[in-house]
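Dear colleague,

I am handing over the structure below, and after it I set out what was found when going through it. Please keep it open beside this message as you read.

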Amino acid sequence: QDGLSQSETRQLVKSLKDETSLSSKKIITELKELLQRESTKSDLNSPLILVLNEAILTKMRHVGSHAEIKTIFEKFGSLAKINITNENINLYASMLVTGANAHLNLQEYDDAKNVIVELQSYLSLYELTGLNEAQIFMLAGQLHIVSGEYKVGLAKLRLGMEVIQRNPSFDEVDKRKRLSEALSYIGNTYYTLGDYKNAIKYNYLAIDKGGDFLYSSHLAAYTHNIASSHLELLEWDQALNTATLASQKAKETNRFMYLALSNEVIARAQHGLGKSVEAIEIIHTSIQTYKENGYTQKVIEALAYESEFHISLGHWDKAQTNLMEAHSIIENSKNQTIPTVELLQSSFLIAEQDGNLAKATFYQKQLSKLEEDDFKVKKELDAQQLMLHFELELAQEKSSRLEKQNELNDIILEKGQNQQRILVTVIFAVIVVLLLLAYVYIRERNLKIKMRLLAMTDHLTGCPNRRNVMEQAKGMLTNNVSKNGSMIIAILDVDNFKSINDTYGHDVGDKVLQNLTSIIIGALRETDVIGRYGGEEFIILLPSAGEKEITMIFDRVQTALKNHNCEYHGESVALPIAVSIGAAVVNKVTEKIDHKGQDLLLDTIIKQADEKAYEAKKGGKDQLRLYIASEQH
Ligand SMILES: Nc1nc2c(ncn2[C@@H]2O[C@H](COP(=O)(O)OP(=O)(O)OP(=O)(O)O)[C@@H](O)[C@H]2O)c(=O)[nH]1
C-alpha cells in the first residue's frame, strides 16, 4: 500500500470511517498505520495528515478513549501553528471539538475551556459545517453546566439542538444521534441540580431519540445516568436493573470507566437491598478500575462505600482498612482529593466504636463542616433549580398559550365561517321571502288589475260596461269638448232583438250581441269607444266628431250588419240585423266643470241621445237620429 496516491488514501480513510463490520479498535489501528506512512512523506500541516488525524480522533471519541485523545491532541500542539483556511477549517475544528470533548470527559475543564474559546472564535471567522457549529454550542453548553452556569449551559445546548434541527446538511441518522446527545446533557444537568426525576426522563428521551443509531458506548453512559438517578431516589430495584444494563453495554464496548461506575451503582443498590456481601465483591472491581485509570477521587468515594457496606455487616476491621487507605490517599494527594460525607460518617462510626472520642469528635466536626458546605452548595443549586423550573414553566406556559391562541384562532375562524354561513343563509332567506313577497304582490296586482278590468268590462261582449263607459264619457267631455272640440255620444239599440232570441234562442242572441260589438268596433276609429249600456243597448263615444263622422259610422255599421252571419246549429246562417241610433252632438262645454256638473251634463246628453234613439224606433227603426245643440250646460 506504499504506493497509494493522496486521493486513494483519502478514499480509504473515508471507507474506514464508515466501516461497521470491523471493530473500532481495528479501524483505529489501520488509520494509525496509514498516518504513520503518510507522516514520513508529508509535513504535519498537509491536508491528508489532518484528514487522518481527524478520522482517528473521531473514532477514538466514539469508543471513549479520552485519555488517548488527550495524548494525541497534546502531541499536536504544533497544530496550533497550522495555517487555517476555509478548506481545512472544518477538519481542524472537528479535531479541536474532539479534543475539547476529551478534556471535558477527563474533567479538565480549564483545558476544555481554552479549546472551546478557540473554537468559538472560528464561528464568526469561517464557514463552519452545521455539525461543527452544533458541536461547538454543545461543548460550550456542557462547559457552562459543569461550571455551575446551568441556565446559560442549557441555552447553549438548545442553540446546538436548533442548529441540528434546521441544518439541511445533517441526515436523519446524524440528526438523531446529535439530538440524543443533547438530550442526555440536559438530563445530566438535572442530575447535577438534584432533579433526579427529570434526569431519568431526559436520559430516556435521549435513548428514544437515538434509537437503533445510538452507539453502545452512549447507551452505556445514558443508562448509567438513569441508574445513578434511581439510586439517589433510593429506588434500589430500578437502580440495579438499569445499572446492570449499563454495565453490560460498557463491557461490550470496552468502556472500563463506565463499567466501573455502573458496577459501583450496582454495589450500592445491592447494599440498599440488604445484599451487602455481593455489594462488597462488586465494588472491589470498581475500585480496581479507578486505581488503574488514576481516578483518585473516585477511589476515595468507593472505599468509603465499601467501608459502609462492611460496617453494616459488622466487619469493623475491614471497614477500618478501607478507611485508612482512603485517608492516606487524601493525605498524599496534596489537596487534589477531598473526603466525602460517606468517608467521614464511616470514620466517625469506627472512632466511636473504638471509644476514641477525640477522633470521633474530629470527624463529627469535619462532617458538619462538609455538610454545611454541601448545604451552601445545595442552597445555590436549589436557587438555580428554581430558576430553571421557572424558565421551563415559562416556556411551557408560552407554548400552551400559543396552543390556546391557535385554538382560539380556530374558534374565531370557525365562528367567522359560521357567521358567514349564517349571513349567507339570512341573505338567501331574505331573497326567498322577497321573491315570495314579489310573487304575492304581482299576483295580487294582476288579480286586482283583472278584477278592475272585470269590474269595468262587460262579461259577454268584452267591451266597457256602463259604469266604465260613463266614466270615459265624462273624461272626454272635460278633456276634449271643453277645449273647443266637439264629440258625439250615441245610444245604439238593436232592433227586434227579442224576436232573434225567440227565433234562435238565447245563446244565438248572445252570439249576435258579441258579433255586433265586433262589427261596431271595426267601424269605429282608434279613439272611439263603445260600451254596453244594458241589454241590447250600447253607448258609442266619438271624440272630435260631428254629424259627418256619426253618419259615416252609422252607414258602415248598417251595411256590415245587413250582411251579418251567425253560427246556428253548427252552420253559419244569414242573420241580418238592424240598429237604431240616437246621437247627441256635443259642441262646447263650459270650462272648469266639477264632478257633479259632469254627471248632470252627461245625464242630459244621454237623455237627449236616448230621446233621439226612441225617435228612431218610432220612426221605423234602422236609422240614425241626431240631437244638435249649440252648447251644453
Ligand atoms: N240573448 C240575450 N237577450 C237579451 C239580453 N239582454 C236583453 N235581452 C233580450 O232583449 C229583448 C229586448 O226586447 P225588447 O225590449 O222588447 O225590444 P226589441 O225586441 O228589440 O224591440 P225593439 O227595441 O222595439 O226593436 C228581451 O227579450 C230581452 O230578454 C242578453 O244579454 N242576451
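The helices and strands named here are DSSP runs, of at least four residues (H or I) for a helix and at least two (E) for a strand, and they are numbered from the N terminus. Serine 544, for instance, lies in the loop between strand S3 and helix H22 (547-562). Please bear in mind throughout that this is a predicted model.

I begin with the strands. Strand S1 (487-494) is largely enclosed by the rest of the structure, because eight of its eight residues are buried. In a regular strand the side chains alternate between the two faces of the sheet. In S1 both faces are covered, with Met487, Ile489, Ile491 and Asp493 buried on one side, and Ile488, Ala490, Leu492 and Val494 buried on the other. S1 pairs in the antiparallel sense with S3 over seven bridges, and it also pairs in the antiparallel sense with strand S6 (residues 579-586), over eight bridges. Isoleucine 488 shows both pairings, since its bridge partner in S3 is leucine 542, while its bridge partner in S6 is valine 585.

S3 (residues 537-543) pairs in turn with S2, again in the antiparallel sense, over five bridges. Strand S2 (residues 529-534) is mostly covered, with five of its six residues buried. Glycine 534 stands opposite glutamate 537 in S3, and in the hairpin formed by S2 and S3, which has two residues between the strands, glycine 535 takes a positive phi near 50°.

The loops on either side of this hairpin each hold a residue to look at. Glutamate 526 lies in the loop between H21 and S2, and it is exposed, with a relative accessible area of 81%. The C-alpha atom of glutamate 526 is separated by 9.8 Å from that of leucine 542, and the two residues are 16 apart along the chain. Serine 544, in the loop already mentioned between S3 and H22, counts as partly exposed at 46% relative accessibility.

Two residues deserve attention for their backbone angles, and some background helps here. Most residues other than glycine have a negative phi, and most peptide bonds are trans. Serine 544 has a positive phi, near 50°, although it is not glycine. Glutamine 107, also a residue other than glycine, has a positive phi near 60°. Glutamine 107 lies in the loop between helix H5 (89-105) and helix H6 (109-125), where it is exposed, with a relative accessible area of 54%.

The next part concerns the ligand. What surrounds it? The shell around the ligand has 16 residues, and Asn496, Phe497, Lys498, Asn501 and Arg532 come nearest. By character, these shell residues divide into three nonpolar, five polar and eight charged. Strand S1, helix H20 (497-504) and helix H21 (506-523) each supply at least two residues of the shell, and H21 gives the most, with four. An oxygen atom of the ligand is 3.3 Å from a polar backbone atom of valine 494, a residue that is among those buried in S1. Two lysine side chains also approach ligand oxygen atoms, with a polar atom of lysine 617 at 3.0 Å and a polar atom of lysine 621 at 3.1 Å. Taken alone the ligand exposes 660 Å², and the protein buries 65% of that.

Some points from other parts of the chain complete the account. An unreviewed UniProt entry annotates residues 422-442 as "transmembrane region"; in the model the chain over residues 422-442 is 100% helix and 0% strand, and the end C-alpha atoms are 29 Å apart. Methionine 161, placed in helix H8 (residues 150-166), counts as buried at 13% relative accessibility. Methionine 161 and leucine 179 are 18 residues apart in sequence, and their C-alpha atoms are 6.0 Å apart in space. Histidine 230 lies in helix H11 (residues 216-232), and at 6% relative accessibility it counts as buried, because that value falls under 20%. The side chain of histidine 230 makes a polar contact, at 2.5 Å, with the side chain of glutamate 235.

With best wishes

Terms used:
Residues numbered from 1 in each chain as written. Predicted model: local features only at pLDDT ≥ 70, side-chain atom pairs only at ≥ 80, totals over all residues. Heavy atoms only, no water. Near = heavy atom within 4 Å. Polar contact = N/O pair within 3.5 Å; in protein donor to acceptor, adjacent residues only side chain to side chain. Areas by Shrake-Rupley, 256 points an atom, 1.4 Å probe, with all protein chains shown as cover. Nonpolar A, V, L, I, M, F, W, Y, C, P; charged D, E, K, R; others polar. UniProt positions renumbered as here; feature names shortened; annotations may be inferred. Buried < 20%, exposed > 50% of the residue type's maximum accessible area, 1.4 Å probe, protein only. Pairing = 2+ DSSP bridges.
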